[in-house]
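Work through the exercises below with the sequence and the coordinates open side by side. Each task is followed by a solution that goes step by step.

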Amino acid sequence: MPSSQERINRPLLNKIRKGFFLIGSIGLLLTLVVVAKIEVSSIKSRIALEMKTASQTLSGIIKKHIFHRDHEIKEMLASIDPNLSKQAVIAILETMLPKSLPGDCYYALDGNGTLVYISKASYRPYLGLRLSVKGYFKEGRISPIHQSFFSIRTVITVLYPMKNGWLLLVDKDLGDLVPIASEVRIPGLQGLATLFILMRSGTIVYHPDWALMRSRANLLLDMYNIEGPDAYGLIHYKYGGIHYLAFRSAMKVPKGWVFYAAIPEAQVNRQVAVKVFPILTFISLLFLVFWLILHNFVKEQVVKPIQMIAHQVSSISPESLGERLPDELAHGIGELAMIVDAINRFLQSIVEYQARLSQSEELFRTVTEFTADWSFWLGPDGSFKYVSPVCEEITGYTAGEFMARPELMTEIVHPDDRWIYADHMDSSRMKREEPHEPMEYRIIRKDGQVRWIRHICRGVFGQDGSFLGSRGNNIDITDLKKAMLAVERERNLLAVTLSSIGDGVIATNTEGEVILINRAAEKLTGWTSKEAVGRPVGQVFSIINEDTGEHVKNPVEKVLETGKVVGLANNTILISRDGTKRAIADSGAPIVDKDGVLHGVVLVFRDVTEERMVEAEKQKLEKLESLGVLAGGIAHDFNNLLTAILGNIALSKMRLDSSSPIYPFLTRAEHAATAAQSLTQQLLTFSKGGAPIRTVTSLGDIIEETARFSIRGSNVRAKFEISPELWAANVDPNQISQVIQNLVINADQAMPDGGMITIKAENVMVQRPGPLGLKPGPYVAISVIDQGHGIEKNILPKIFDPYFSTKEGGSGLGLATTHSIVKRHDGAIEIESTPGRGSRFTVYLPAVPGAPTTRSERVELSAENREVRGGRILVMDDEEAIRSLTIDVLKMLGYEAVSVSNGEEAIRVYKRAMEEGRPFDAVIMDLTIAGGMGGEEAAKKIREIDPETKIIVSSGYSSSAVMSQYRLHGFDAALPKPYNINQLREVLLEVLGKGHGSGKSA
């Protein structure tokens, strides 16, 4: 049974023994490897050298054999006269050729390849045979190995050209090489190495095995896994299942022959083993002796002193910490003396540490017990090692309760927050070495109150890295949380307010950097809140002067300088991030606290681009309406004059024969008056009069027919893109036709050199009010696009003004009339134009999707109805010329006519006629009477007297829709001024009807 001292000593001795054994084994193994490598290198170098020497020797022997008597043969052939006869040359060859080796055979071929001489008598039957030998000598004077032409022997042939064009050839029997080459030996490898010669292709030239050589086999085909040469110049291959080392070298003569000297690798390894084994045995014995000596030395000089020091240290107790270890334990060894001294100093430091630890424990207890934070130490097993007394103030539970029941820490967590606490604890257990993120959760005190806790913890580790648990700190943040929630509510309220308002809001600090931007401002500037915050406000809120295009000083700078509210100029343009320009309004104001300290600036702004466009459109309409009143008045008076002019001309023509010289002048005057009538009609349409007579109409045919008619005879072409699903529109077909005509003529005039006018019609749904003033709903959009010279930007705002025209001789009423008609239809007109590229006019008209459409039909009177039937007509007009003309025309048409100047007189005359029994068949009334009762009021009074009367309204213009909707205002027909005799007759026939006689009683 080993003693305790032996148990203490055994581990150190074992480790030393194991260390020595491991080091010795590694050293011995390395020694063996090095010695083996040296011997292998030596043996292989010697083998390679001996094989190389044998190669050179054999090469010389073969060269001597092949070129036996070569010099004598060349001299003999040089002495033969080329002019000698064939028999003379053959005689010389038979007598002068040197004596050959037993296996050699001389033969000569003439210029035709015919065999003319052979040295061996047994082969002379072959004389006269034609031989082709040129293929053998492509690479020199020596042929490849082949079978003799005359026997089954394996030969090579040496070539000697002759002056007379003959060839002298010498067959060398390779069998003669066997006894010659077999005399070559390799010292040290006697009986182990094999020498052989191969052609480059692998065919055997020489091999000790005569049968193998005679077969002319390709030996390379049986030599596998050829590798090398290695560092010694040796190659490796496998033949017949045996691995060989070989030296290989190409022979200079003959070219293409390769010398091999091969030896089995097992023979080489055997030689290595014989050389290495004695050396290794000696080294192993030497190592064993060295290991025993070193082991005993270390045991006596190192292990025993360490054992004594260890025994002395193990006997130290807490009471003897102040005692020193004896210095003689070091046995005079410097390193052990240092260990003894270090132990003594360590014992002294423990004593000092214990004193400091007592002070630290006292300090720790003082700090933890008198702090407002609840501190604790949770061990690795989940039990508490320490809980500060403050826990009772925060939770209502004592430290002892937590120490006794660690699960109490989880139980007091609010049920809604337990998942947060559980996730945190799981994360803390998995990531012990990483700092843990602070956590906030609620607890329920012992008295039922809910408190907010901020929890911080981290792992505790010993000096050896062992996990000792978690150190935690809990802080009551209930009051702070309430304050933060109040601030958050205020912030959310502010954010919702800012996001809800339509104006853009940007707040900056005193450095002019953006600190807040609402959604409206993001949309207007093109910068998101994330991108804008922290940037200079001038970069986000970039403004320029609309008139000059120069950058305007940012209002934030002005507010920071003055501390006052600053308004933006009316012509300020905001450039968004994508380059979009918007007109903006409003101001910047300082942000100050209750003490008047400036903390920044707030900008409040809004997009007024659409407002400005709407206001401009409104001003344009007001201007057009003002001009319309004037134009309407002029047109009314002018129409009265034209009515008188056209009527009198017509009466004059009726009283004249068409052959009269005056007749053409009256006709030209009538044409001029008719042209003036067209002009007044445009004035009426432009004015407040000319209200549209609306019907639900299909616009496709109207657009195409009007456009084609408008460009008839022009050098432009029209292309129509009209949607097959085009909605109907509630419009006046005649007025819309005039709109199309004006726009197409305008496009035609814009292209004097010809071109293409594209006319599009499509359905459009307007979703929200825009700058054109269109109400949301369905519309038909009609576009007229030309390729003309376009309109300059500065002219665009004026093109709808009356009498404004850029064309020579233009009246300026076409586009003004168009604008008036479209507006009167509750529509809008839009223009886009690029100078040099053309213009696009787009008209929007209210649509009636899915409604059936109608076409206005003209009442055609039959020939019978066109005959004059007679009757009494009352004419009311304030113009004497009109009254006189109308009376004359009516009389010519066969009617009895009475005229009055105002409504009051018309009522009296009509009433008197009724009383006399001579009522009027129809009444023609002027709608507007200067200074008296007009037609609309007088018509009502007359209807009270006679509900069956036929009343025709006549006017040059109207401020209401009476002319367009005459039936709604108590009239049976309308007769617009100016009118001619035919128009008057047609209206009367339509109103009075077929079979009418003189007077209602007739």
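The exercises go from the whole chain to its cores, a sheet, helix pairs and single residues.

The model is predicted, so local features need pLDDT of at least 70 and side-chain atom pairs count only at pLDDT 80 or more, while totals for chains, interfaces and linings use all residues. Residues are numbered from 1 along each chain as its sequence is written, and side-chain values use heavy atoms, with hydrogens and water left out.

**Exercise 1. The chain as a whole**

Task: State how many helices and strands the chain has, and what share of its residues is buried.

Solution: Counting DSSP runs numbered from the N terminus (helices are H or I with at least four residues, strands are E with at least two), one finds 25 helices and 35 strands. Buried residues (under 20% relative accessible area with a 1.4 Å probe and protein chains only; exposed is over 50%, partly exposed in between) make up 40% of the 1002 residues. For contacts (heavy atoms within 4.5 Å), take the pairs at least 6 apart in sequence: 59% of them join residues at least 24 apart.

**Exercise 2. The nonpolar cores**

Task: Find which residues have the most contacts inside the largest nonpolar core, and which helix gives the most to this core.

Solution: A nonpolar core is a set of buried Ala, Val, Leu, Ile, Met, Phe, Trp, Tyr and Cys residues joined through side-chain atoms within 4.5 Å. The largest one has 67 residues, and Leu-77, Leu-93, Ile-197, Trp-257 and Phe-259 have the most contacts inside it. Helix 1 (residues 4-66) gives the most to this core, namely nine residues. Next, take Leu-93: leaving aside neighbours within four places in sequence, Leu-93 is in contact with Met-76, Leu-77, Ile-80, Ala-108 and Tyr-117. A second, separate core has 33 residues, including Ile-736, Ile-799, Ile-821 and Ala-847.

**Exercise 3. A five-stranded sheet**

Task: Give the order of the five strands in the open sheet, and explain why one side of strand 32 and of strand 35 is left without a neighbour.

Solution: Two strands pair if DSSP finds at least two bridges between them. The order is 32-31-33-34-35, with parallel pairing. Strand 32 (896-900) and strand 35 (973-976) stand at the edges and each has a single partner strand, so one side of each is left without a neighbour in the sheet. From one strand to the next the twist averages 20°. Strand 33 (residues 922-926) pairs with strand 34 (residues 950-955) over five bridges, and Lys-950 in strand 34 is the bridge partner of Ala-922.

Now add the helices, with axes taken as lines fitted to C-alpha atoms (for helices over the stretch in contact) and angles from 0 to 180 degrees between N-to-C directions. Helix 23 (residues 903-916) packs on the sheet, where it touches strand 31 (872-876), strand 32 and strand 33, and its direction makes about 165° with that of strand 31. Helix 24 (residues 935-945) lies across strand 31, strand 33 and strand 34, and runs at about 155° to strand 33.

**Exercise 4. Two helix pairs**

Task: Classify the packing of helix 19 with helix 20, and of helix 22 with helix 25.

Solution: Two packed helices are described by the angle between their axes and the distance between the axes. Helix 19 (residues 699-710) and helix 20 (residues 733-749) pack at about 45° with axes 9 Å apart. By the cut-offs (under 35 degrees roughly parallel, over 145 roughly antiparallel, 65 to 115 roughly perpendicular, the rest oblique), helix 19 and helix 20 are therefore oblique to each other. Residues that meet at this contact include Ile-702 and Thr-706 in helix 19, and Ile-736 and Ile-740 in helix 20.

For the second pair, the axes of helix 22 (residues 880-892) and helix 25 (residues 981-992) come within 11 Å and cross at roughly 65°, and these helices are therefore roughly perpendicular to each other. Here Thr-886, Val-889 and Leu-890 in helix 22 meet Ile-981, Leu-984 and Leu-988 in helix 25.

**Exercise 5. Two single residues**

Task: Decide whether Thr-572 is buried or exposed, and list what Pro-264 touches.

Solution: Thr-572, in strand 21 (residues 572-575), has a relative accessible area of 4% and is therefore buried. Beyond four places in sequence, Thr-572 is in contact with Ile-543, Ile-544, Arg-582, Ala-583 and Ile-584. Pro-264 is found in strand 11 (residues 257-264) and, not counting residues up to four places away in sequence, touches Leu-192, Ile-242, His-243 and Tyr-244. Pro-264 and Leu-192 are 72 residues apart in sequence, yet 7.8 Å apart in space, C-alpha to C-alpha.
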